[in-house]
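Grab a viewer and work through a few short exercises on the structure below. Try each one yourself before reading the solution.

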Amino acid sequence: MHSPPSSSEASRPFITWQRILDWAQEHYRFRTFSKDERIPARAGLLYLVQRGAIRLVGTAQVSASTSHSVSPLSHQVSEEAFLGFVGAGQPFEIVVQSPFTLQAYSHVDQTSVVWMYWHDLDNWPHFRREVLDAFRYQHQRKLLWLSTLGQRRTIDRLLGFLTLLIEEFGEPCTNGYCLPFPLTHAQIGSAIGSTRVTVTRLMGKLRQRGLIGIQGDNLIFLPAKSEKTTSN
């Protein structure tokens, strides 16, 4: 596994970031959110995380049931699936396509977001290139994510998922590389197609094997290679 980027690289601001921020504040396109607050995002707009982290989740109103006894008026419960994070200095957008729904939430307190129309980027050609490069990188990471979710064993999906997350957002810590914000077992379960109880059990197994660790405020970390070698 290659080492995750440093925090300064992961949160590298865009070249014209300060100009964008000034423009957003002047045009009332800037807002700061509390932890777990829903971002009122809509399709057709470009969003930029200035500080903090955004949690993307998706829901789908679909059913494969073949029962003819189910009333068309019956209430259909949709479950949110965790789709990943967007860190500081990175863009995101919301796609709307029935029956799928995407939503964004502030994952940590004091998360600041800027939004604009795509044609606003005409004023900053260098900035446009940075945005497109960032989306290209996100696309590549999602392909890796799909590869991880294709693993048959749940414990392999779990370890692959945590590895990808920490590679992308991790920061150096005493024991290795640490995810800088907490993630609940229920959120992890929704991401890998499992349950909270199963994730809790498998997290325990991974910790026993020395493949992951927990520190501070339930922050997950990948131990340094030397530590993992020693524990085996």
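The exercises go from model confidence to helix packing and then to a pocket.

**Exercise 1. Work out which stretches of this predicted model call for caution.**

Solution.
- Step 1: start with the chain average. The mean pLDDT of the protein chain is 84, and 83% of its residues reach 70 or more.
- Step 2: look for the weak spots. Residues 1-14 have pLDDT below 50, yet beyond near neighbours in sequence this stretch has 27 contacts in the model. Residues 69-75 are also below 50 in pLDDT, and that stretch has one contact beyond near neighbours in sequence.
- Step 3: decide how to treat them. Where pLDDT is low, the predicted coordinates should not be read in detail.

**Exercise 2. Find how α4 is oriented against α6, and which residues meet there.**

Solution.
- Step 1: get the geometry. Helix α4 covers residues 154-169, and it packs against α6 at an angle of about 75 degrees, with the axes 10 Å apart.
- Step 2: classify the angle. Angles from 65 to 115 degrees count as roughly perpendicular, so α4 is roughly perpendicular to α6.
- Step 3: list the contact. From α4 come Thr154, Ile155, Leu158, Leu159 and Leu162, and they meet Thr198, Val199, Leu202, Met203, Lys205 and Leu206 of α6.
- Step 4: sort by class. That contact has eight nonpolar residues, two polar and one charged.

**Exercise 3. Do the same job for α4 and α5.**

Solution.
- Step 1: the angle here is about 110 degrees, and the axes of α4 and α5 are 10 Å apart.
- Step 2: these two helices, α4 and α5, are therefore roughly perpendicular to each other.
- Step 3: on the α4 side, Thr154, Arg157, Leu158, Phe161 and Leu162 take part, meeting Ile188, Ala191 and Ile192 in α5.
- Step 4: the class count for α4 with α5 is six nonpolar, one polar and one charged.

**Exercise 4. Describe the second largest pocket: what is its volume, and which residues lie nearest its centre?**

Solution.
- Step 1: its volume is about 230 Å³.
- Step 2: 14 residues line the second largest pocket, with Pro182, Leu183, Thr184, His185 and Asn218 nearest its centre.
- Step 3: trace the helices involved. Both α5 (185-192) and α6 (196-208) supply at least two residues each to this lining.
- Step 4: check the chemistry. The lining splits into five nonpolar, five polar and four charged residues.

Terms used: Residues are numbered from 1 along each chain as its sequence is written. This is a predicted model: local features need pLDDT of at least 70, side-chain atom pairs count only at pLDDT 80 or more; totals for chains, interfaces and linings use all residues. Side-chain values use heavy atoms; hydrogens and water are left out. On a 1 Å grid over the protein atoms alone, a cavity is a set of points where a 1.4 Å probe fits but cannot get out, and a pocket is an open set with protein on both sides within 12 Å along at least five of seven lines; lining residues have an atom within 4 Å of a point. Grid points are joined across faces, edges and corners, and a volume is the space filled by probe spheres set on the points. Helices (H or I, at least four residues) and strands (E, at least two) are DSSP runs, numbered from the N terminus. Ala, Val, Leu, Ile, Met, Phe, Trp, Tyr, Cys and Pro count as nonpolar, Asp, Glu, Lys and Arg as charged, and the others, Gly among them, as polar. pLDDT is the predictor's confidence in each residue, from 0 to 100. Contact means heavy atoms within 4.5 Å. Axes are lines fitted to C-alpha atoms, for helices over the stretch in contact, and angles run from 0 to 180 degrees between N-to-C directions. Angles under 35 degrees count as roughly parallel, over 145 as roughly antiparallel, 65 to 115 as roughly perpendicular and the rest as oblique.
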